[in-house]
Amino acid sequence: MKQVHIATFGCQMNERDSQTMARVMNGCDYRITERMEQADLILINTCSIRRKAEEKTYSLLGRLKDLKNRNPGLVIGVGGCVAQQEGPRLLERVPHLDLVFGTRMIHQLPALIEEVRSGKNRLSRIEMVQGELYVRDLLMAPGCSPGLKASVTIMQGCNNYCAYCVVPYVRGPEESRGSREILAEVEALAAEGVQEILLLGQNVNSYGLNREGELTFAGLLDLLEKVPGLERIRFTTSHPKDLSPELMGCFGRIANLCEHIHLPVQAGSNSVLERMNRGYTRQDYLKKIDQLKARCPGIAITSDFIVGFPSETEADFEETMDLVKAVQFDDIFSFKYSNRPQTPASNFPDQVAEEEKGRRLMELQTYQKKVTLSKHQTLVGTIQQVWVEGNSKKSPQDRMGRTRTNKIVNFPGPPDLLGKTVPVRIEKAYINSLKGVVV
Ligand code: 5AD
Ligand code: SF4
């Protein structure tokens, strides 16, 4: 049996796609290996959301040159967003690369690899195929358990064209998958023992809107609530402009929907938001946050930020800081703006100096760290319902689980707690996790 190694960069969407690659290759007699040196086939699933992410691909490819020299039978393929963006240019740039396959070509991998192997041709295939092309059967190979948690893609692509973002170009137009098919996949996973589902899409809030007669995202959540054995439902990612009252009303009403929303705001200044083409103002955003907190007290809210977008002034950035202070997010991801090919913002004048971006990022992150820690500290002494999903990373003799608000809790306990929900008294708060004891 041949062996395939899959290296994944980037987001949860890519991780899910890598599982599909694994499943597809498994179907044609490839076994997954964690060790690159043993592989007959190496697939790199790439990310191009920021320049730094893209550079990781080139540095891994550089390191693979020796391996390919030593083992000329090795086939190396690059998929994902960098593949889609660069296409045949990647083959020119990297002479030891055999195959480039786009974000919507995963299902064709076996045929492409066969073509590379038999004809010894180097190939680039990046057609932006439309229509549903998901691998319909289960995530796992026959005889393998999918585990306790699984991600289910409910839509692909994006139509929002935020001025900085490469996603609409590399992932194509938005397409929702049929709700019946999603239900069938979730039911099958739950029947195999999956207790937590993460619903994935670039903008799950607009799920179904581009599909005649389809349920809305809130309707989909209602449908999934009743799947037997499904303890927890999470979703990511949301767009503030499409966050409907109907969806807000799901929190606290749908029993297995976790009280957490990731709602990227990106910036706090209206002029920056407008140039970003985000489709909402800071007032719209703050209003939705108030509504969420009113409907579901205790809901955890996280967000994404970009600092140093072209023409962002110090006053604009202060508005971002104001917004962060007003909302008191549970956590944020924040990035320096990075120019991406094809995007409108890469041609905007007044690019902000790298040093200034760094200063703004530091200020934002320093503030948020204090908020995150103090939010964790308010939980000390409380009892939290923790669903146990594995072992503690730092001390594997301890168990690790999460609250419904997505906070990581480590605590001592027997291995058979796995997959159970246990009450844990929180005793210590750290920036990235909590520590406690079962009561
Ligand atoms: N530069 C910096 N950050 C970006 N993001 C998307 N595109 C860029 C870019 N060009 C960030 C946004 C998005 C997250 C996934 O990545 O904050 O929400
Ligand atoms: Fe990119 Fe905007 Fe689409 Fe998110 S909503 S993937 S930021 S274009």
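**Domains, a helix contact and two sites**

In this predicted model, the domain assignment of the chain gives two entries: domain 1 spans residues 2-125, and domain 2 spans residues 383-438. The C-alpha centres of domain 1 and domain 2 are 36 Å apart.

One helix pair was examined. Helix α1 covers residues 12-26, and helix α5 covers residues 109-119. The axes of α1 and α5 come within 9 Å and cross at roughly 65°. On the α1 side, the contact is made by Met21, Val24 and Met25. On the α5 side, the residues are Leu109, Pro110 and Ile113. By class, the contact of α1 with α5 has six nonpolar residues, with no polar and no charged ones.

The second largest pocket has a volume of about 320 Å³. Its lining includes Arg50, Arg51, Lys52 and Glu55. Ser334, Phe335, Lys336, Tyr337 and Ser338 also line this pocket. Glu354, Lys357 and Leu361 complete the list. Three elements give two or more residues each to this lining: α2 (51-70), β14 (331-336) and α13 (354-377). Seven lining residues are charged, three are nonpolar and two are polar.

Ligand 2 has its own shell. Cysteines in this shell are Cys158, Cys162 and Cys165. Tyr161 and Tyr164 also surround ligand 2, as do Asn160, Val167 and Pro168. Gln202, His239 and Arg278 are further members of the shell. By class, the shell around ligand 2 has seven nonpolar residues, three polar residues and one charged residue.

Note on methods: Residues are numbered from 1 along each chain as its sequence is written. Chains are lettered from A and ligands numbered from 1 in the order in which they are written. This is a predicted model: local features need pLDDT of at least 70, side-chain atom pairs count only at pLDDT 80 or more; totals for chains, interfaces and linings use all residues. Side-chain values use heavy atoms; hydrogens and water are left out. On a 1 Å grid over the protein atoms alone, a cavity is a set of points where a 1.4 Å probe fits but cannot get out, and a pocket is an open set with protein on both sides within 12 Å along at least five of seven lines; lining residues have an atom within 4 Å of a point. Grid points are joined across faces, edges and corners, and a volume is the space filled by probe spheres set on the points. Helices (H or I, at least four residues) and strands (E, at least two) are DSSP runs, numbered from the N terminus. Ala, Val, Leu, Ile, Met, Phe, Trp, Tyr, Cys and Pro count as nonpolar, Asp, Glu, Lys and Arg as charged, and the others, Gly among them, as polar. Domain bounds come from an automatic or database domain assignment. Axes are lines fitted to C-alpha atoms, for helices over the stretch in contact, and angles run from 0 to 180 degrees between N-to-C directions. Contact means heavy atoms within 4.5 Å. A residue is near a molecule or strand if one of its heavy atoms lies within 4 Å of it.
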